[in-house]
Each structure stands twice: as C-alpha cells, then as structure tokens.
Amino acid sequence: MKVRLYTIPGSHPGVAAQLMLKRKGIEFKRTDLFPVISKLVVRGLGFPRQTVPAMKIDGRKVQGSREIARELERLRPEPALFPTDPELRAAVEEAERFGDEELQHPVRQLIWWSLKKDKAPLRSFSEGARLGIPIGLAVRTAAPIVALSAHFNEASDENVRADLAKLGGLLQRVDDLIAAGTIDGEELNAADFQIAPSIRLAMTMQDLRPLIEARPAGRLAMRVQPEIAGEIPPILPPAWLQPLRSAPAAA
Ligand SMILES: N[C@@H](CCC(=O)N[C@@H](CS)C(=O)NCC(=O)O)C(=O)O
C-alpha cells in the first residue's frame, strides 16, 4: 500500500490523520505544505476541496479527517477505530462530529490570531516540518501567509473573544464524553483521535495550558499526543480569559 499524507505543520486534523495511520500500523509518507499555498497544492493534486489532511492511497484520493478515519477502517479493520455495537458507534461518531465541526475551528482561530500578533512562535511550530526550504527562511517570509491565514479563518478579535467565551463549554463537553466512556477508554477510537489534537494544540498556548491540563480533557490530550511542536507565550488579553477562568472545571 502506497500512502502519502498532505498536511500543514501544526494542523490538528493533520495530526489526527497521522495518529490514526500509526494506530493502524500503516506506513506513510508525509508532505508538509505552507498554509494558504496548501489550498492551491491540494486542489492542483485533484482533491475536491482545499483543506488538509488529504491523503493519496495507491493513487486514490481521500480528504478530510473523518473521511480518512473511515477509509483507514475499511482498509485495515483491526485495531478498530469504531465500535461494532451500533449504539456505541453512533455515540463515537457524534463525538467525532463534535470534534470536527465544533471544537477544531475555535482552536484554529486562537492559534492564527496569536501568530498574527507575534510571529516568533512560528519557528517552534515548524520544528520537524519538511517544508522544502530552511525553517529560518520560511519563518522570516511568513508574515503574509500568517496574515492571510488569520483572514481566511476569520481570526478577528471579536471571534477569538467569543471562542474563549465558549471554550469552557467545549472543554466541559469533552470532560462529559470522557465521563460517559465514549472517549478515553482502554482502546482509543476515532473520536479520541479527532478531539485530543485540538485540545493539545490549545495547550500550546501558555495562556490556556494551566486552565486545561488538570481537566480530564487535558489528560486525554496528553495521553493521545504527548509530544507536540509549538509553544505560544502569554498573549491573550486577561479580560478575554475571564469567562474560562470562572467556568467550573470538572474534577
Ligand atoms: N474539518 C476538516 C477541515 C480541515 C481544515 O480546515 N484544515 C485546515 C488546516 S487545520 C486547512 O487545510 N486550512 C487551509 C489553510 O490554512 O490554508 C477536517 O477535519 O479535515
């Protein structure tokens, strides 16, 4: 089987795809793309949409973290990413949908907003990336890419402040999924691989890590993805963090 994964350094759904490939024991090659330019490359390669992760398997194209999970399950059913019991599977699929449609994007906006304010942490996110040019050069020339990424992802002050206001609720939902046994079970499932990289990416922000790491969601993130490239020193206005600080954290 010949597998190539197209991703962007730091991309949380890109990490989800890599973790699932590893879980399945499927060898793969990875192409790291620059954000924004990735849109053109991915379309140029013939994928129907312009996002990563995108994967070629023996020439076939599969795009999107949830589609990739299903294709990997089809290709190599064991170890399973989805439970066989229909009710349990529905719960995992709903948790996975939540991770993709509700949790991914606020985290994406927080990261791009922060990088737009301070580009210095970009180097840390590029650690281990194979971008085809020296990291130093990539970082020095990244300003327009960061500005465009922040723009395309609508990472405005207003949206990021709203993201922070709802982050406590999103984390609570993850804690609840853990308490219900839908995720963080003995064997990790597709929802674990979808959700944990978003939480782990949020934890690269020093403003957020202390508010997340002691929660079940934070512990899950560390279990699923102990290592991560990227570190963002404090940058968020304290007033924006207030709703998250005052949200009751689960034990
Ligand atoms: N929710 C989808 C979409 C993924 C998505 O939006 N990926 C971002 C990177 S995290 C992307 O490709 N953005 C294009 C860009 O930044 O230029 C998935 O899980 O596959």
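**Figure 1. The largest pocket of the predicted model.** This pocket holds about 880 Å³ of space. It is lined by 40 residues, and those closest to its centre are Ile8, Ser11, Arg108, Trp112 and Asn153. Seven helices each give two or more residues to the lining: H1, H2, H3 (65–75), H4, H5 (122–125), H6 (135–140) and H7 (143–152). H4 supplies the largest share, eight residues. By class, the lining has 21 nonpolar, 13 polar and six charged residues.

**Figure 2. The ligand in the largest pocket.** The ligand takes up space in this pocket. Around the ligand stand 16 residues. Val36, Val52, Ser65, Asp100 and Gln104 come nearest. Helices H1 (12–23), H2 (37–44) and H4 (86–117) each provide at least two residues of this shell. H4 gives the most, with three. The shell has six nonpolar, seven polar and three charged residues.

**Figure 3. Polar contacts of the ligand with Ser65, Asp100 and Gln104.** A ligand oxygen atom lies 2.5 Å from a side-chain N or O atom of Ser65. A ligand nitrogen atom lies 2.6 Å from a side-chain N or O atom of Asp100. For Gln104, a side-chain N or O atom is 2.9 Å from an oxygen atom of the ligand. Taken alone, the ligand exposes 520 Å², and the protein buries 86% of that.

**Figure 4. The second largest pocket.** This pocket holds about 410 Å³ of space. Of its 22 lining residues, Val15, Gln18, Arg30, Gln225 and Ala229 are closest to its centre. H1 and strand E2 (29–32) each give two or more residues to the lining. H1 gives the most, with five. The lining divides into 10 nonpolar, seven polar and five charged residues.

Technical notes. Residues numbered from 1 in each chain as written. Predicted model: local features only at pLDDT ≥ 70, side-chain atom pairs only at ≥ 80, totals over all residues. Heavy atoms only, no water. Near = heavy atom within 4 Å. Polar contact = N/O pair within 3.5 Å; in protein donor to acceptor, adjacent residues only side chain to side chain. Areas by Shrake-Rupley, 256 points an atom, 1.4 Å probe, with all protein chains shown as cover. 1 Å grid on protein atoms, 1.4 Å probe; cavity = no way out; pocket = protein on both sides within 12 Å on 5 of 7 lines; lining within 4 Å. Sits in = over half its atoms within 2 Å of the grid points. Helix = DSSP H or I, 4+ residues; strand = E, 2+ residues; numbered from the N terminus. Nonpolar A, V, L, I, M, F, W, Y, C, P; charged D, E, K, R; others polar. Points joined across faces, edges and corners; volume = space filled by probe spheres on them.
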